[in-house]
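Me: I have a model open and would like to know how the words used for it are earned. Could you take me through the reasoning?

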Amino acid sequence: MTAAAVAPRPAAVDAPPAGGTLRLHGPGALDRLDPAVAAGPPVADVVRLFSRQLVTYEPQADPRTWQAVAPVPDVAVAVPSTYNMGLGASHRSYVFHLRPGVLWDTSPPRPVTAPDFVRGFKRMANPVTRSPALTYFTSAIRGMEEFRAGFAAAVPRDGATAAQLAAYQDAHEIAGVFALDDETLVIELVRPSPEVVSVLALTCASAAPAEYDAFVPGSPELHRNLRSNGPYRVARFAPGAELRLERNPAWHRATDPVRRANVDRIEIACGEGGPAAVAARIDAGAADLPWSSPLRAPSAPRPAAAGTAWSSPHRAPSAPRPAAAGTALSHALAAYLAFNVADGAEALRDVRVRRAVALAVDRAALAERCAALLGEPAPYPADRLVPPHNDPGPSGEGTGLPPSPDPGAARSLLADAGYADGLSLTAVYRDRDGEPAVARAYAADLERAGIGVRLVALDDDAYRRAVLEAPPGGPRGWDLTARSRGADWIHRNGAVFLQPLFATGASANCGGYSDPEVDALVLRALEAAVEPRAKRDAAWCEVERRVLDDAAAVPLLFQAPAVPRRRGARVRGACPMPASGYADDLAALWLDPAGEDA
Amino acid sequence: MTQTLTRAQPPARPSPADGAPRSLRDASWETVKGLFALEPGAIHLNTGTVGAMPHAVVDEHDRVTREWTGGLMDVYQPTQFPEYRALIARAYGVDRDEIVITHNATEGIARVINGLDLHAGDEVIATSHECYSVLSNFNLLRNRHGISLKVLTPPSGYGVTAEEIVALFEQAITARTRVLAFSAITLWTGTMMPVRALCELAQRHGLITVIDGALVPGLLHCSLRATGADFIACSGSKYQCGPLGTGILYVRNKVFPEHNPLPLPTVWPVISTWYPMVGDTPPRSTTSVESYDVGDYLQIAGSASIARGAALAKACEMWDEIGRDRIERRVFELGEHARERILERFGEEAMFSPGADARLRSPLVAFNPFRRREDAWNVKKAHELTMRLADEHKVWIRWTEFDVPGSPHQHYAARVAPHVFNDHEQIDRGIATLARLAEELS
């Protein structure tokens, strides 16, 4: 595949040949398919094939176009607006009219209804699993935070039964999510939020059938009983190993304006090996696409500006950056260091210690050492938390991050904090992909500043339990971990790299960071949603400035998206999806038998 | 005549018009009904959205269109509409230089809002009960120039008073406030806003007033000048019953201290072929004598439909013939009749329109027609009711949507808006049909 992948789609793609088995291979996570939990790539990319949302994205050959980042109707007949009876002048009440003919693959097939979406929202707020995107919903939708808090108080997280969970859901409502009838859903917001349409395109905002009430969210039982309203259904799922999707006979193309569903089957195999091994497998024809590992097509042009210019650690952080989001490809925060300030080492509650860590890490060296392990294009040093081509753009005031490491200054700060003799921290990481290399690299940097790091490798399940799902506060056995984050949506996305990570109790705030000033700034930024872009950006920049000043996390690496991706010779019709980390839309692809001989 | 708007001097009697005999002043309402091009058997209770044109207005539009089709006449001078603007101005107690014939109220409001001399940090106060055109254009200024837009939600319901509304605005004014924007009559709840009191409030604070007067022409017999407002953007196709695509814009162009002693606000004629290509306009007047015809600067903007201007003027001429004072009394009486019938059937608690304070009553009455309170936020029922009334019973009303203070829900109402082409029997029948259907949907 070449750069032609981002050229306008050839006419032939409008009626591509159907059939074949699309094969993905790589080290990406493949643990939980429950839509209530899935909010980002890569798992969300397959969830949307069997679980539809009110709105979603239409595949576009060129991901730089505005159409690629603007949600379009999915199960909803239209994106609510003032002119289609869907959005009042207050911009706090959205009315979704559901598309007729969308069916669950039940026996007999049953229509997807507005109450199914209400159930989906309730499940998302369950106390057992922790959707990383939940904060967007609880901060925007009227009554959703109250529902979540009440749910958590009423049903214990550990040992909760499906019956307990369903009983709470049946007895309680989210005040701002209700069905007028089977075909009409109302979602009320606490404040005007034009971004909410993008939030509703996340896979965790899927409808949920009544059958799900019989299972604990995210459980093996649920995964054995997944229902589909999309073009594919789960035929076989071995968590962490294998997923096989087959066509869903209850799905009809006429009821789905977005998903083309060209191939007959999709098979995902999780395998060991880094990007080079995955690339070799694709090039050898043993796989069609990478699973998770970002791999750019070998002949693709190098990314502009941000991907190369920032490899110099000496460049001023406040230098001009690439153009605004929506006109260029959104970069990702490929790695940042999260502190467990809730129940980790006492020392981490001292901002001087966190700043010492930030001073000690050599981001440029990290980028070089991990280049071959984190996929393509190569990551580059991050100078702030919000990557290029996302909102907010840089404030122009700098971020206070040093361009190069300063172990001496770090030691001095540690001494000020009472750790002149050093301290010891525990860092956890998932034992796959490039994570071990990243962990070893930053641990070595910290050692040079007098911070001993005990590295603990965890499998996916253990990592999820320790870092992502266990509520901060209880002993979780870690002090540091490197995380990554891509943009959950592209247009007007000032919240995505800040709110879920740093607001108190937020769904991706794994370290339990809490600062009333940050919370107030986040609220102010959310309330600025109706203000002109400059004011909105300024409000989010203020959040970023505060969390960086407080060393709430340490940005490590940015990465440009792999566009076009490395693809097998028979793959056609690729459409990178910006909100999915620019992974190809699996429903848009088709397989060219002639390509097998190429 | 309402208490909130001030009566104009009776306009000079116009010359007889085609199809509008002198006897119209004394004609029965049954005769007046016969002047309108209405669908037989239909009950049109939706003049708040669009009125019905008189046959004479349709004919005038057709005649002028034919007259100007294929000719080699100079189209530019006539599209200044000097006679038509003068005729309309007389009807509303103002002068020609203060009147512009626009394409609709939205165009008028957009030209005013975008022509205001506002800058970053200036604050505008408006209400959530404004037409989209008001809120969208102020939002445009917010995004373009960095103004601050403060949107108030006015109270609604039978017991609302004018004092509550004025107090709401007064409490919102700050040192940064530059503009008060509100409707003369809100299209969602039919609230006759206390226009004069709000303009006096604005004047006490040195503020510009921008009024959406879409429902004013053809309904109220009033002096636009006496409101004390700076700008009033009106529709020509609602109560004035001109063709679709007609509007009237009032721009204060003189200083009458008894009405508004403030200096004239700067307005930039953003759509104009008359604004100087070099240099600028003369200074604005500080007296009751205009310094220049600001109406011309706004009016002259390339070619225009002469037929639409002529037809709107014809409608205004007919209103003058019938008597604007008489029309106002009749429409308000029909509105009161509708209000009483609605109160009988649905009760005060169903009302979103004011009632207790007579100053706030207009002929537009908005209410929840359904048995359950929560159906007031069910757009589907409101829509179905309106569609079925039209399709199955030929009763034309409108559903409206608005915020209610303290409620998180978007509210929806049925709104009836009678005009002189309605009568009591139609209103009774229309509301009875509506009540039956609403009960079925409840």
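**How the labels are earned**

Reply: Happy to, keeping in mind that this is a predicted model. A good place to begin is where the chains meet: 14 residues of chain A are in contact with 15 residues of chain B. Strands S4 (93-97), S7 (177-181) and S8 (184-188) of chain A each give two or more residues to that side.

Me: What makes residues count as in contact here, and how do those on the chain A side divide into nonpolar, polar and charged?

Reply: Two residues are in contact if their C-beta atoms, placed from the backbone, lie within 7 Å. On the side of chain A that touches chain B, 5 residues are nonpolar, 6 polar and 3 charged.

Me: How do you know whether the radius of gyration of chain A agrees with that of a compact globule?

Reply: Chain A has 598 residues, and a compact globule of that length would have a radius of gyration near 25 Å; the value for chain A is 23 Å, so the two agree. Its C-alpha trace spans about 70 × 60 × 45 Å along the principal axes.

Me: What makes a residue buried, and what percentage of chain A is buried?

Reply: The test is 20 or more other C-beta atoms within 10 Å of the residue's own. In chain A, 57% of the 598 residues are buried.

Me: How do you know what span to expect for helix H17 (residues 533-549) of chain A?

Reply: The expected span is 1.5 Å times one less than the number of residues. H17 of chain A has 17 residues and an expected span of 24 Å, and its first and last C-alpha atoms are 24 Å apart, so the helix is close to expectation. Its buried residues include A:Trp540, A:Val543 and A:Val547. The buried residues of H17(A) pack against helix H15 (499-502), helix H16 (516-527) and strand S18 (553-559) of chain A. Just after H17(A), A:Ala551 takes a positive phi of about 50 degrees.

Me: Why are S14 (380-381) and S16 (451-458) of chain A called edge strands?

Reply: The open sheet of 6 strands in chain A has the order S14-S18-S13-S17-S15-S16, with mixed pairing. S14 and S16 of chain A each pair on one side only, and that is what the label refers to.

Me: What makes strands S13 (residues 332-339) and S18 of chain A a pair?

Reply: Two strands pair if DSSP finds at least two bridges between them. S13(A) and S18(A) are joined by 6 bridges and run antiparallel, so they pass that test. A:Ala335 stands opposite A:Leu557 in S18(A).

How values were computed: Residues are numbered from 1 along each chain as its sequence is written. Chains are lettered from A and ligands numbered from 1 in the order in which they are written. This is a predicted model: local features need pLDDT of at least 70, side-chain atom pairs count only at pLDDT 80 or more; totals for chains, interfaces and linings use all residues. The radius of gyration is taken over C-alpha atoms; the globule rule is 2.2 Å times the number of residues to the power 0.38. A residue is buried if 20 or more other C-beta atoms lie within 10 Å of its own, exposed if 12 or fewer, and partly exposed in between; C-beta atoms are placed from the backbone. Helices (H or I, at least four residues) and strands (E, at least two) are DSSP runs, numbered from the N terminus. Ala, Val, Leu, Ile, Met, Phe, Trp, Tyr, Cys and Pro count as nonpolar, Asp, Glu, Lys and Arg as charged, and the others, Gly among them, as polar.
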